[in-house]
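Please open the model in the viewer and keep the sequence panel visible. The tour below proceeds by selection, with a note on what each selection shows.

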Amino acid sequence: MQVCLASTSPARLMLMRQVGIEPVTRAPQVDEEAVIAEVEQREGRTLTPTEHVLLLARRKAADVAATLVGEQFDGIVIGGDSMFELDGEILGKPYTADAARARWHAMRGRTGVLHSGHSIFRVRPGAELLEATAVAAASVTFADDVSDAEIDAYVATGEPLLVAGAFTVDSLGGAFIERVEGDPSTVVGMSLSTVRRLVRSLDVEWTSLWSTPPGS
């Protein structure tokens, strides 16, 4: 059973490999800001965090799945998107050091929610595309004693600039996180338990995706 990850995220690829799956990766051609703006303008409202991540996950997976039709691909395509919510505000990637630093000053000692959208497509030659979707969430509590010097040093590494919420749990940022409630892999980039459930809902056995048995 083939697996394609509709993402170039190193964290999502690492998660796949940790559970014995070696996917091919393809970068979805989706203008995320334009997609959100178009839908919000059409509907005349602001999307909720759940709607936000699910919409982008579906667009990314659908874009890549469409490219595989006609390529004799027989397997699944996995798409995902993550956003961090604090006080009802969606915090995406900060991109700049100043923005990341401000985020950390606002987040330390507090708890926010990481929302992760998932879209799985079953792709088979000559068959209709099938999709299963879900959103997972996990709360993240940051240590209240993170110093300004630690924040400056962390921002200087560049790690928080290109990740949702300006933090990681599986790398340098992990030491500043006090508690995670929910599937920890949700905070890394996608909920593995959710992906497994969606895969099985498409009549695909999870173990058939293993390229190498976990732990081997």
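Begin with the hairpin of β5 and β6 in this predicted model. Six residues lie between its two strands, and within this hairpin Gly126 adopts a positive phi near 75°.

**The strands around the hairpin**

Select residues 111-123, which make up strand β5. Eleven of the 13 residues in β5 are buried, so the strand is mostly covered. Add residues 130-142 to display strand β6, which runs antiparallel to β5 and is joined to it by twelve bridges. Two positions help to fix the register: Arg122 stands opposite Leu130 in β6, and Ser119 has Thr133 as its bridge partner in β6.

Next, select residues 75-86, strand β3, which pairs with β5 in the antiparallel sense over eleven bridges. Here, Met83 stands opposite His115 in β5. β5 thus has bridges to β3 and to β6.

From β6, continue to strand β7, residues 177-181; the two pair in the antiparallel sense over four bridges. To find the register of this pairing, select Thr141, whose bridge partner in β7 is Arg179. In a regular strand, side chains alternate between the two faces of the sheet; displaying the side chains of these strands is a convenient next view.

**The aromatic residues**

How many aromatic pairs does the structure hold? There are seven. Select Trp104 and Phe176 for one of them: the rings are edge-to-face, with 5.8 Å centre to centre and 75° between the planes. This pair links distant parts of the chain, since Trp104 belongs to helix α4 (residues 97-107) while Phe176 lies in the loop between α5 (148-156) and β7, 72 residues apart. Trp104 and Phe176 are both buried.

Now select Phe142 and Phe167, another edge-to-face pair, at 5.1 Å centre to centre and with 85° between the planes. Phe142 is in strand β6 and Phe167 is in the loop between α5 and β7; the pair, 25 residues apart, again links distant parts of the chain. Both rings belong to buried residues, Phe142 as well as Phe167.

Extend the selection to Phe84, Trp104, Phe142, Tyr154, Phe167 and Phe176, which form one aromatic cluster.

**The largest pocket**

Turn to the largest pocket, which holds about 950 Å³ of space. Its lining comprises 37 residues, and those closest to the centre are Arg12, Lys93, Leu162, Val163 and Ala164; selecting these five positions centres the view. To follow the walls, colour α1 (10-18), α2 (32-43), α3 (49-68), β3 and α6 (184-188), the elements that each give two or more residues to the lining. Colouring by class then shows 19 nonpolar, ten polar and eight charged residues in the lining.

**The whole chain**

Finally, return to the full chain in cartoon view. Seven helices and seven strands make up its secondary structure, and from the N terminus on they follow the order β-α-β-α-α-β-β-α-β-β-α-β-α-α. The radius of gyration is 18 Å, close to the 17 Å that the globule rule gives for 216 residues, so the chain is as compact as a globular protein of that length. Along the principal axes, the C-alpha atoms fill a box of roughly 55 × 50 × 25 Å. A surface display may close the tour: 46% of the 216 residues count as buried.

Key:
Residues numbered from 1 in each chain as written. Predicted model: local features only at pLDDT ≥ 70, side-chain atom pairs only at ≥ 80, totals over all residues. Heavy atoms only, no water. Buried < 20%, exposed > 50% of the residue type's maximum accessible area, 1.4 Å probe, protein only. Pairing = 2+ DSSP bridges. Phe/Tyr/Trp six-rings, centres within 6.5 Å; stacked < 30°, edge-to-face > 60°. 1 Å grid on protein atoms, 1.4 Å probe; cavity = no way out; pocket = protein on both sides within 12 Å on 5 of 7 lines; lining within 4 Å. Points joined across faces, edges and corners; volume = space filled by probe spheres on them. Nonpolar A, V, L, I, M, F, W, Y, C, P; charged D, E, K, R; others polar. Rg over C-alpha atoms; globule rule 2.2 N^0.38 Å.
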